[in-house]
Amino acid sequence: MPVRHVSRVRALYRRILLLHRVLPPDLKALGDQYVKDEFRRHKTVGSDEAERFLQEWEAYAAVLWQQANENRHNSTEKACFGISLPEERLNDFRDEQIGQLQELMQEATKPNRQFSITEARKPKF
């Protein structure tokens, strides 16, 4: 990414990983890996693509932050994350992006997710 975007990229990357802490462990692991891969994949893009990339991830972070707050206030309901993707938006995607989206959807909806994560916690005395 162009030099002028570097500090913005780092701050956004850290913010997203912090926001992922509110996700269930299996979704956090999936989300963290996806973010790392996407940010790594876009390291060398041009200025215009970098700007679009940052805008989309900033929008994602804003939605996740809003949903985390809503879920915190609605503690009686099951936590809900994500948004529907209108079919019209899919027309803007490249074939590679459609493939990535399909893989992500399959991974996120597996009945027996491959992630087996247990958080290490100190015993409470």
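Here's a quick briefing on the fold, the first helix and the core of this chain. The model is a predicted one. It's a helical affair: the chain has five helices and zero strands, so to speak in the pattern α-α-α-α-α when read along the sequence.

**Overall picture**
- Of the chain's 125 residues, 24% count as buried.
- Among contacts with a separation of 6 or more, 61% link residues 24 or more positions apart.
- The accessible surface is about 9,800 Å², and carbon and sulfur atoms hold 52% of that.

**Helix α1**
- Helix α1 takes in residues 6–19, and its end C-alpha atoms sit 20 Å apart; that agrees with the 20 Å its 14 residues should span at 1.5 Å a residue.
- Val 9, Leu 12, Ile 16 and Leu 19 are the buried ones to look at in α1. They cover an arc of only 100° around the axis, so they end up on the same side of the helix.
- Flip to the other side of α1 and you'll find Ser 7, Arg 10 and Arg 14 exposed.
- The buried residues of α1 pack against α2 (25–41) and α3 (47–73).

**The core**
- The largest nonpolar core has 12 residues in all, including Val 9, Leu 12, Ile 16 and Leu 19, along with Val 35, Phe 39, Phe 53 and Trp 57.
- Helices α1, α2 and α3 each chip in at least two residues of this core, with α3 giving the largest share, five residues.
- Leu 23 belongs to this core too. Setting aside neighbours within four places in sequence, Leu 23 is in contact with Lys 28, Leu 64 and Phe 81.

Technical notes:
Residues numbered from 1 in each chain as written. Predicted model: local features only at pLDDT ≥ 70, side-chain atom pairs only at ≥ 80, totals over all residues. Heavy atoms only, no water. Helix = DSSP H or I, 4+ residues; strand = E, 2+ residues; numbered from the N terminus. Expected span 1.5 Å × (residues − 1). Buried < 20%, exposed > 50% of the residue type's maximum accessible area, 1.4 Å probe, protein only. Arc of directions from axis to C-beta. Contact = heavy atoms within 4.5 Å. Core = buried A, V, L, I, M, F, W, Y, C linked by side-chain atoms within 4.5 Å. Areas by Shrake-Rupley, 256 points an atom, 1.4 Å probe, with all protein chains shown as cover.
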